[in-house]
Amino acid sequence: MIARNWRRHLVLACSIKVNINVPSQAETLSKTKTGKHRTCTDLLDCAYCHHHQQEEAMSTVTAASPAAGSFCIPRSRRRINMPRFTMTVRSSNAVSVGVAPILTKFKHDCATPLPLLRHVADAMATDMRAGLAVDGGSDLKMILSYVDTLPTGNERGLFYALDLGGTNFRVLRVQLGGKEERVIATEFDQVSIPQELMFGTSEELFDFIASGLAKFAEKEGGKFHLPPGRKREIGFTFSFPVRQTSIDSGILIKWTKGFAISGTAGRDVVACLNEAMDRQGLDMRVSALVNDTVGTLAGARYWDDDVMVAVILGTGTNACYVERMDAIPKLQGHVSPSGRTIVNTEWGAFSNGLPLTVFDRDMDAASINPGEQIFEKTISGMYLGEIVRRVLLKMAAEGSLFGESVPEKLSTPFVLRTPDLSAMQQDTSDDLNVVGSILYNIAGVESNLSARKIVLEVCDTIVMRGGRLAGAGIVGILQKMEEDSTGLIFGKRTVVAMDGGLYEHYPQYKRYLKDAVKEILGLEKSKNVVIEHTKDGSGIGASLLAASNSKYEHDF
Ligand code: ADP
Ligand code: MG
């Protein structure tokens, strides 16, 4: 069984990259011409097709026809007898009577006015203090990273990094050349994590990782050189909550981001990787186990001494920052020569004062970790698309958003993904044909212009809430640091290093986040706060930490 899966993983491992398939306009138009709802024999009897027919007659909307195999879900008799055309194509104000109250309430429940953002920022700072005081003191675990020295720029040699995120698994090698030459060369490979591995066994997942690493290591050459007699050293970025026990060991507390793997919680994840590397016959050594936020901070700090905070907004979310040792009451004797250390907040578990809706509560209840990771479920990439889907489903069922039938695919959890929301929000065409194509291709939904506009409003509401709350979280961290050392944060340039696919690829999200930070801090303070994207920072950062924790002699 394992062997069979294993072969499959190898095949999957060869294919790198992902992506959203937004059909071209030509594709969309050709589908439009094919006309009617294929499973219906009588156009006039199918509200779905009738609606479609009307759109075509008006020649205004490029909605595609449903694919073969799709079908109408009949509604109750009462509804079928109701007038069918509640929406008018091209009328931007024509909203089905049933949709308006749902949209109004939804926007109201998601609102993030300044006082609410301030409350969230204050609560974040308070929870941080409580988590630093004692283990289990708050939702925020405030995990010590054992990273007490940050990269100096003097690091030299060949190092590897391995990054297990929520969606992707990346391997990277870097040849470091010290202060003068810095990063001489890097190479990386990226593989998406097969869905079935998210629910498999620990061995299967770690075998998959070790095999990817082995294949990548085999291709080493060119500018990459390992001095004779040395093992290749790895910085292992593991983006799940781990109780770090030293710089190169840590116990998995729990899986998050939809992973439910048996046999890893409570185990040292470095030991799991070492065992898998042994099974592969791969002779490498993990010198540093780092959270992705910690890797990002280290990577960004390599180039810029003002980096004090790192935030990940990808599949999940998390943040870390540079803390003074004397501000960590729960330290219990751990000493750092620099007097400072990086603390991993695990802020995804934050839950205080968030504006949540019935859709958030339902999604949480249906999740594999109900009641947990509430901040993450409100602001991170894994969940934004799913919240929107739930809102649209309710609007379709109770407000006839997409006509008289509820498209079946829209009932599938997680069918709408955050990259789909982002692609829809970039649509600047008059008839929103990208929105139409995505709704059709992803959710099997036929839509007219007014429905598309409502869909965009729902997306924007969720993305605005997510971005603004993430901004409030960042202010909370900065505030906490400033309270302990007045002037050291807001009185000088302070950089927040950002990474993750959500932040990188969703321009609206990024803008809402930055605007919220400015709004909360005000002009004076916010001009010293630089929020900067550091692409691939966590990979380089992990390899830098592998370098500074190398078991071989080094003088950096
Ligand atoms: P990971 O979190 O697995 O380490 P990334 O940082 O690359 O990986 O983030 C991937 C996540 O980023 C996806 O799950 C998705 O939610 C989000 N994302 C990726 N591409 C886009 C996009 N074009 N628009 C919006 N969000 C995106
Ligand atoms: Mg990541």
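Start by selecting strand 3 (168-177), helix 13 (381-399), helix 14 (418-425) and helix 17 (501-505): each of them supplies at least two residues of the shell around ligand 1. Keep in mind as you look around that this is a predicted model.

Now show the side chains of that shell. Of the 17 residues around ligand 1, those that come nearest are Gly 166, Thr 167, Arg 170, Thr 315 and Gly 501. Try coloring the shell by class: you should find four nonpolar, twelve polar and one charged residues.

Next, zoom in on the backbone beside the ligand. At Gly 501, a backbone N or O atom lies 2.9 Å from an oxygen atom of ligand 1. Move on to Leu 502, where a backbone N or O atom is 3.2 Å from an oxygen atom of the ligand. Then pick Asn 168: one of its polar backbone atoms is 3.4 Å from an oxygen atom of ligand 1. How much of the ligand's own 570 Å² of accessible area does the protein cover? It covers 83%.

Leave the ligand and select Leu 313, Leu 392, Met 395, Phe 402, Met 424, Tyr 509 and Leu 513. Within the largest nonpolar core, which has 116 residues, these touch the most other members. Highlight helix 16 (residues 449-484) too, as it gives this core its largest share, 17 residues. Apart from this core lies another one, of 40 residues, including Leu 164, Ile 193, Leu 282 and Met 284.

Finally, zoom out to the whole protein chain. Its secondary structure comes to 19 helices and 13 strands, and 58% of its 556 residues count as buried.

Methods: Residues numbered from 1 in each chain as written. Chains lettered and ligands numbered in written order. Predicted model: local features only at pLDDT ≥ 70, side-chain atom pairs only at ≥ 80, totals over all residues. Heavy atoms only, no water. Core = buried A, V, L, I, M, F, W, Y, C linked by side-chain atoms within 4.5 Å. Buried < 20%, exposed > 50% of the residue type's maximum accessible area, 1.4 Å probe, protein only. Helix = DSSP H or I, 4+ residues; strand = E, 2+ residues; numbered from the N terminus. Near = heavy atom within 4 Å. Polar contact = N/O pair within 3.5 Å; in protein donor to acceptor, adjacent residues only side chain to side chain. Areas by Shrake-Rupley, 256 points an atom, 1.4 Å probe, with all protein chains shown as cover. Nonpolar A, V, L, I, M, F, W, Y, C, P; charged D, E, K, R; others polar.
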